[in-house]
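Work through the exercises below with the coordinates open, and try each task before reading its solution.

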Amino acid sequence: MLAVRQNALGHVRYVLKDGLKWLPLYGWYFSQHGGVYVKRSAKFNERKMRNKLQAQIKAGTPMYLVIFPEGTRYNPELPKTIADSQSYADKAGLAVLKHVLTPRVKATHVAIDSMRTYLDAVYDITVAYEGTVDQKGQRKVAPSMTDFLCKECPRIHIYVDRIALKDIPEEQMYMRRWLHERFEIKDKLLIEFYDAKDSKRRNKFPGKCVRSKLSLKKTLPSLLFLSGLTVSMLLTESGRKLYVKTWLYGTLIGCLWVSVKA
């Protein structure tokens, strides 16, 4: 959403879970578009990630590199994932977080260390959704596209904090502590947003608020084009066969390509 407003959607690159490379067609697309696939824990391959990022720097294309240090999304309906994350923090002597998962530092450290001379800054972005607390005050899952269309979630709140590179420790050990402190700040913001006893402080972030509506001109044309193309293919027998073959063979070739290039 931020990239669309800055006409920079084509310049967004993602650090992705390795399993996503098997997604039909999209796995190949993200790789070709500069996405970086990483494995968790002991299987994390630092060299491959550095090589991929260096290739992006060499290309000289302006970009946003988006990374989710938690490794997976926070989902209130998966209490075991949340409990494991909190247990990990507790054993490591770190603050236990309520509304976010404990961040892992490896990929974040490699990304910032590899691109330190190329980055302008790091942006810490916290996102919260209205209408996602039930009558008992418990947080619900993030809204789906249907929820947005039905206005179950009337607004998305985005808190952006710009961090100068000089304020980020270079050593991984110190960066780990710094990263967790950033997530403690996120947690406090979300506690106020979802749990504040004063109702006037709920459903808002501190500071000056800039309201911004996403224009239909920037979203509707691409939706209509993609929907029209898909529907027109599915209306005929030959179109349906082509559609299935594209997904099937495109996926197989894409997965092979990503594996070889990786």
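The exercises that follow concern a predicted model, and they go from the whole chain to one sheet and its helix.

**Exercise 1.** Determine how many helices and strands the protein has, and in what pattern they follow one another.

*Solution.* Begin with the count, which comes to nine helices and five strands. Then read along the sequence, where these elements give the pattern α-β-α-β-α-β-α-α-β-α-β-α-α-α.

**Exercise 2.** Describe the extent, burial and exposed surface of the protein.

*Solution.* Taken along the principal axes, the box filled by the C-alpha atoms is roughly 60 × 45 × 35 Å. Next, with buried meaning under 20% relative accessible area, 29% of the 262 residues fall into that class. Finally, the exposed area is about 17,900 Å², of which carbon and sulfur atoms supply 58%.

**Exercise 3.** Work out the strand order of the open sheet of three strands, and find its edges.

*Solution.* The order is S2-S1-S3, and the pairing is parallel. Strand S2 (36-38) and strand S3 (64-66) are the edge strands, since each of them pairs on one side only. Neighbouring strands of this sheet are turned by 20° against each other on average, with direction ignored. As for the pairing of S1 (residues 12-17) with S3, three bridges join these parallel strands, and Val 12 has Tyr 64 in S3 as its bridge partner.

**Exercise 4.** Which strands does helix H3 lie across, and at what angle does H3 run to S2?

*Solution.* Helix H3, which spans residues 46-59, lies across S1, S2 and S3. Its angle to S2 is about 170°.

Terms used:
Residues are numbered from 1 along each chain as its sequence is written. This is a predicted model: local features need pLDDT of at least 70, side-chain atom pairs count only at pLDDT 80 or more; totals for chains, interfaces and linings use all residues. Side-chain values use heavy atoms; hydrogens and water are left out. Helices (H or I, at least four residues) and strands (E, at least two) are DSSP runs, numbered from the N terminus. Buried means under 20% relative accessible area, exposed over 50%, partly exposed in between (1.4 Å probe, protein chains only). Accessible areas come from the Shrake-Rupley method with a 1.4 Å probe; for residues, only the protein chains shown count as cover. Two strands pair if DSSP finds at least two bridges between them. Axes are lines fitted to C-alpha atoms, for helices over the stretch in contact, and angles run from 0 to 180 degrees between N-to-C directions. Contact means heavy atoms within 4.5 Å.
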